[in-house]
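Here is a short report on one protein chain, written to be read beside the model. It covers polar contacts, salt bridges, a small sheet and the nonpolar core.

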Amino acid sequence: MATCSEEEVHYNDIGTEFLVTIKDCVSGTPTVLDVSGATTLELVFKSPSGASVTKSASLVTDGTDGKIKYTTVDGDLNEVGTWRLQAKIGIGGGVFRSDVGSFKVYENL
């Protein structure tokens, strides 16, 4: 029996939504950060070959839930392999970055 994954990303997929929840460490506990007042919302993608590209992100709701997103366009996912992803937020006069995550882009037939 085959398994199904809604999270599998393929080479040059268009319309794939990357959703990141921004958190801060408060007294040793990861806590959602209210990003409603952010002046900069970006997602930085690093390809398997090491090329980095920064994409403007948008709020998913009003920002109080800490969620930002970016939806891919033609040419974004242009390499097969393991990519890295990091959010960059400008808020309260500072610039902050999230933990680095990763995802895999699979080849097509």
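## Ser47 and its polar contacts

In this predicted model, the side chains of Ser47 and Ser49 make a polar contact of 3.1 Å. A second polar contact, at 3.0 Å, runs from the side chain of Ser47 to that of Glu79. Ser47 sits in the loop between β5 and β6.

Is Ser47 buried or exposed? Its relative accessibility is 6%. Buried means under 20%, so Ser47 counts as buried. Leaving aside residues up to four places away in sequence, Ser47 touches Glu79, Thr82 and Trp83. Glu79 thus appears twice for Ser47: as a residue in contact and as a polar partner through its side chain.

## Salt bridges

How many salt bridges does a search of the whole structure find? The count is three. Side chains of opposite charge can pair when their charged atoms come close.

Lys55 and Asp76 form one of them, with an N to O distance of 2.9 Å. Lys55 belongs to strand β6 (residues 52-56), while Asp76 lies in the loop between β8 and β9, so this pair ties together parts that are 21 residues apart in sequence. Asp76 is buried, at a relative accessible area of 12%.

Lys88 and Glu42 form another, at 3.9 Å from N to O. The cut-off is 4 Å. Lys88 is in strand β9 (residues 81-91) and Glu42 in strand β5 (residues 40-46), so parts that are 46 residues apart in sequence are tied together. Lys88 is partly exposed, with a relative accessible area of 24%.

The side chains of Lys69 and Glu17 also meet in a salt bridge, at 3.7 Å from N to O. This pair links distant parts of the chain: Lys69 is in strand β8 and Glu17 in strand β2, 52 residues apart. Lys69 is partly exposed at 26% relative accessibility. Glu17 is partly exposed too, with a relative accessible area of 47%.

## The three-stranded sheet

Strands β2 and β8 also meet in a sheet. The sheet is open, has three strands in the order β2-β8-β7, and pairs them antiparallel. Which strands stand at the edges? They are β2 (17-21) and β7 (58-59). Each has a single partner strand, so one side of each is left without a neighbour in the sheet.

Strands of a sheet pair through backbone hydrogen bonds, either parallel or antiparallel. Here, five bridges join β2 to the antiparallel strand β8 (residues 67-71). Within this pairing, Val20 stands opposite Ile68 in β8. The salt bridge between Lys69 and Glu17 likewise has one residue in β8 and one in β2.

## The nonpolar core

The largest nonpolar core has 19 residues. Which of them have the most contacts inside it? They are Leu43, Phe45, Ile68 and Phe103. The elements giving two or more residues to this core are β2, β5, β8, β9 and β11 (101-106). The largest share comes from β9, with five residues.

Leu43 has a long contact list, not counting residues up to four places away in sequence. Val20 and Ile68 are among its contacts, and these two stand opposite each other in the sheet. Other contacts of Leu43 include Phe18, Val53, Ala57, Tyr70, Leu85 and Ala87. Leu43 also touches Lys55 and Lys69. Lys55 is the salt-bridge partner of Asp76, and Lys69 that of Glu17.

Notes: Residues are numbered from 1 along each chain as its sequence is written. This is a predicted model: local features need pLDDT of at least 70, side-chain atom pairs count only at pLDDT 80 or more; totals for chains, interfaces and linings use all residues. Side-chain values use heavy atoms; hydrogens and water are left out. Two strands pair if DSSP finds at least two bridges between them. Helices (H or I, at least four residues) and strands (E, at least two) are DSSP runs, numbered from the N terminus. Buried means under 20% relative accessible area, exposed over 50%, partly exposed in between (1.4 Å probe, protein chains only). A polar contact is a pair of N or O atoms within 3.5 Å; within protein, one must be able to donate a hydrogen and the other to accept it, and residues adjacent in sequence count only if both atoms are side-chain atoms. Contact means heavy atoms within 4.5 Å. A nonpolar core is a set of buried Ala, Val, Leu, Ile, Met, Phe, Trp, Tyr and Cys residues joined through side-chain atoms within 4.5 Å.
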